[in-house]
Amino acid sequence: MGTVGVARPPRTPPRLPAGELSLQAPPEPERVVPAGVLSRLLPVVMLGGSVGFVAVLGPGNPTSWLFGGMFAISTLGMMLSGSGGRGGANRAAGLDEDRRDYLRYLDVARRRVRAIAAEQRAVLESVHPEPAAWPAVLAAGRLWERRSADADFGQLRVGCGAQRLGTRLTAPQTGPVEGIEPVTALALRRFLLGHAVVPELPVALSLRAGSTVWLEPGAAGPDLGPARALARALVAQYTLWHSPSDALLAVVAAPPSSSASSTGWEWVKWLPHLQHPRRRDAAGPVRMITSDADEVRRWWLAELAGRPPGPGTGEPHLLVVVDGVADGPGPWAGVAGVTVLRVGAPPGRRPTPSVVRLLVDPDRLGRADGREAVAWIGRPDALTVAEARALARRLARYRPAGAAGPHDGEGPRASLGLPALLGMTPGGPVEVAALRSRWRRGEADRLRVPIGVDERGRPVTLDLKESAQGGSGPHGLCVGATGSGKSELLRTLVLGLVATHSPADLNLVLVDFKGGATFLGFAGLPHVSAVITNLADELTLVDRMADALAGEITRRQELLRAAGNLVGTAEYAAARRQRERDGGPDLPVLPALLVVVDEFSELLAQRPELIDLLVTIGRLGRSLGLHLLLASQRLDEGRLRGLESHLSYRIALRTFSAAESRAVLGVPDAYQLPAAPGSAFLA
């Protein structure tokens, strides 16, 4: 049974885009000012002047025709060019350029608005993913992430619909309509209509905003199937996002033997939220599922006594689901921290203004107000019974950190030490002969050792053999923060192996980069080939250790080659037994070698080139009988390049951060382990 959830500051949900985007006004076309009387008469005067030149100077004078013609041509040119202002062709060209500039501006604004809409969609879909996406939520380590102090506590997604853009679009101030350029004005209008609202965004309902929610059939007919599917989706989100320490669930539904057995709420029995926090029966905590609403009142009347109406009490929120029964909770449920979710409207009752009424059709979701007007929101969410049951069975294993389990008092803290796990008398003397008798083990028990107990007090064993031989090895990783019990775990592992294996079957190399307290006193054990400590102070010993391990790899390869080019230690052991039976020359003993490196991250920080040696051990260890266990307080994944794929088992005690837990286990659960040393996950 997992334990998740620790004390932490209030979580801040991702922020939606906000602010305001003011748009520029479209261009205004240039207004043509009508010419005055003098301007209109000027060409006539100039034409008259050209005729006057010819008349005064005489028709036979070439100069008169020259000046008169020049006056006439100038007058015609001035008339064609617009009489001194910008001509019609120039005005049209300028207007086209203004249009292009404004449309380019709208295109830039459109890209910006689309980016804002994409950010808004990403935030909302992250906070409110669709209910069927619960496997991805669990894989991301987001189980029970909303606590009572969080701003989004009690917010549940009900469907998808259109919402306003997070950044408000402000239309520009323009003059009269007749003074606006029509093409750019139409483009601006289409821009505002097309981008002020974002379609298909998650729509959420806050349980804290009201005490009663009715899910009623809509205009499609009296079928309650879509309403029940939405109710399952709401309950699934409620139990997925909120811990049982902050949110509890009670279900009032028709019994399976009745005609209303199709309500299908039996799957909630797996949810830890359904267990009463204080009441117990012969099977453990009372499961709050019943067909009698008055029974829920008896369960909760004492707990709810004295609560004021309205949200915010600091006590666990209680969601009461009512489906398939005529009677529902009475006035006792109208207090702070209680929400009633009813599938179908209760017969003979009119909704009060505080009731949130959602009309649910297969493809349409709406909200009805007190005047029976319906505002259609969008498309409702739905969750099948099979999907809900799969989620509930997955959540059944979890309990909040510090919560009492059904086996408390008989479980791990009750508590078995290493002698008891090995079948020895706890606290009694250990006879050498009795210890040696435990060294004779079968192949199935070889390199298998108990390292602790699970949540029910059953022994947990670690098998260092490779997976082809039924084990979890040959190489592993152990990460634990200061005070998590990492050193104690390493000592337990080493002592368990020493107590159950002879030196002919197993040798140990114990490396502690810092200090030396982890393996203090182990140097005298016959299994221990070397204890290497305080490498941080004497870095020359690191190079000697690397040379020794590289030499051991070469020695083992030569032994396999000399025995007949054997593939691995399993064939070598078989060949050695065969020679003993045949009376041939004996082959040297080739025990398994476990190399335990504590604080390997510090070691690689000082000697990064050692990663190549560790990768070599990881690659050849399976065939050469070499086993590697790397332990550290922190994990720097960048230093494990090329080695991750060879680490087949992972041990995670409490970590410093959720990211480290996710790097070791793939989930942040190790960060949420209790502060007491000794709790760990074995993957």
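## Helix 12 against helix 15

In this predicted model, helix 12 (residues 540-562) and helix 15 (residues 611-624) have axes that come within 11 Å and cross at roughly 30 degrees. Since angles under 35 degrees count as roughly parallel, helix 12 is therefore roughly parallel to helix 15. The crossing of the two helices is left-handed.

If you would like to pick out the contact in your viewer, look in helix 12 for Ala546, Leu549, Ala550, Ile553, Arg556, Gln557 and Leu560. They meet a set in helix 15 made up of Leu613, Thr616, Ile617, Leu620, Ser623 and Leu624.

## The ten-stranded sheet

Now to the sheet. Ten strands form an open sheet with mixed pairing, in the order 5-3-15-14-13-6-12-11-7-10. Its edges are strand 5 (197-206) and strand 10 (289-290), each of which pairs on one side only. As a reminder, strands of a sheet pair through backbone hydrogen bonds, either parallel or antiparallel.

Helix 6 (residues 225-241) lies across several strands, including strand 3 (155-164), strand 6 (212-217), strand 7 (247-253) and strand 13 (355-361). Helix 6 runs at about 110 degrees to strand 3. Strand 11 and strand 12 are also among the strands that helix 6 lies across.

## Strand 12 and its neighbours

Strand 12 (residues 338-343) pairs with strand 11 (residues 317-323) in the parallel sense, over six bridges. With strand 6, the pairing of strand 12 is also parallel, over four bridges. Val340 is a handy residue to click on: Val340 is the bridge partner of Val320, and also of Thr212. Further along strand 12, Val343 is the bridge partner of Asp323.

How many of the residues of strand 12 are buried? Six of its six residues are buried. One side carries Val338, Val340 and Arg342, the other Thr339, Leu341 and Val343, and both faces are covered.

## Ala18 in its loop

Ala18 sits in the loop between strand 1 (2-4) and strand 2 (20-22). Is Ala18 buried or exposed? Its relative accessibility is 59%, so Ala18 counts as exposed. Leaving aside residues up to four places away in sequence, Ala18 touches Gly166 and Thr167. The C-alpha atoms of Ala18 and Gln120 are separated by 9.4 Å, although the two residues are 102 residues apart along the chain.

## Helix 13 and the glycine after it

Helix 13 (residues 569-582) offers a simple geometry check: at 1.5 Å a residue, its 14 residues should span 20 Å, and this agrees with the end C-alpha atoms, which are 20 Å apart. Gly583 follows helix 13 and has a positive phi, near 75 degrees.

Methods. Residues numbered from 1 in each chain as written. Predicted model: local features only at pLDDT ≥ 70, side-chain atom pairs only at ≥ 80, totals over all residues. Heavy atoms only, no water. Pairing = 2+ DSSP bridges. Contact = heavy atoms within 4.5 Å. Axes fitted to C-alpha atoms, helices over the stretch in contact; angles between N-to-C directions. Expected span 1.5 Å × (residues − 1). Buried < 20%, exposed > 50% of the residue type's maximum accessible area, 1.4 Å probe, protein only. Parallel < 35°, antiparallel > 145°, perpendicular 65-115°, else oblique. Left-handed = near helix turned anticlockwise from the far one by under 90°.
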